[in-house]
Amino acid sequence: MISGLFTAEDLIAAQRVHRKPAVRRIRIVAGLIIAAGVARLVLAGQPDGIAILCAGAAALASEAFTAFVLLPSRARKLHAQQADFREPVFYSWDDEAVEAKGFGGQSRRRWADYVKVSEGPDTILLYHNDQLFEAIPKRWFADASQLEAFMKLAR
């Protein structure tokens, strides 16, 4: 069994893990745009390459602003609005299912019902579908062996 309070920082970490695939795609596309701008400017000698290069750089800057300014601000606001986050959550599990209990209610879900699991440095996301997930902070686990046993079942 594990338990803890879900903090605003936990929510920020969870959102960063959830956004990771989209951020990777944005970086790839922005990198390709920058490369096209450089190629147009340097190899073809066309001055419009500067505009293309700037568009790619703007995409990267926009993503950075979203990740480091907008996302934390929005997550802190949502965390403050969610009453359930003010009470501890308790998780227990066995080979068949995961059970969560908190002030707002309880649930039991079979491992097989999760469509995917994502892991970040500080959190684990158990997905109910592509957009809905449960976030479990790694700091709630007593030690690395308890975390590994949980992850073995989650995978």
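Buried here means under 20% relative accessible area, exposed over 50%, and partly exposed in between. Keep that handy for these exercises, and remember that the model is predicted.

**Exercise 1.** Work out which way the residues of strand 7 point, and whether they are buried or exposed.

*Solution.* Start with the general pattern: in a regular strand, side chains alternate between the two faces of the sheet. Now look at strand 7: F133, A135 and P137 point one way, while E134 and I136 point the other way. Next, check burial: five of the five residues in strand 7 (residues 133–137) are buried, so the strand is largely enclosed by the rest of the structure.

**Exercise 2.** Find the strand that pairs with strand 7, and say in which sense.

*Solution.* Strand 6 (residues 123–127) is a partner, and the two run antiparallel over five bridges. To get your bearings, pick L126: its bridge partner in strand 7 is E134. Then trace the connection: strands 6 and 7 form a hairpin, with five residues between them.

**Exercise 3.** Take the salt bridge between E119 and K138 and describe its ends.

*Solution.* First the distance: the closest N and O atoms of E119 and K138 are 2.7 Å apart. Then the location: this pair links distant parts of the chain, 19 residues apart, with E119 in strand 5 (residues 116–119) and K138 in the loop between strand 7 and helix 3 (144–154). Last, accessibility: E119 has a relative accessible area of 37%, so E119 is partly exposed, whereas K138, at 18%, is buried.

**Exercise 4.** Find which salt-bridge partners E99 has in K101 and R108, and how a network arises.

*Solution.* E99 meets K101 at 3.8 Å, N to O, and E99 also meets R108 at 3.8 Å. Shared partners join D94, E99, K101 and R108 into one network.

Key:
Residues numbered from 1 in each chain as written. Predicted model: local features only at pLDDT ≥ 70, side-chain atom pairs only at ≥ 80, totals over all residues. Heavy atoms only, no water. Buried < 20%, exposed > 50% of the residue type's maximum accessible area, 1.4 Å probe, protein only. Helix = DSSP H or I, 4+ residues; strand = E, 2+ residues; numbered from the N terminus. Pairing = 2+ DSSP bridges. Salt bridge = Lys/Arg side-chain N within 4 Å of Asp/Glu carboxyl O.
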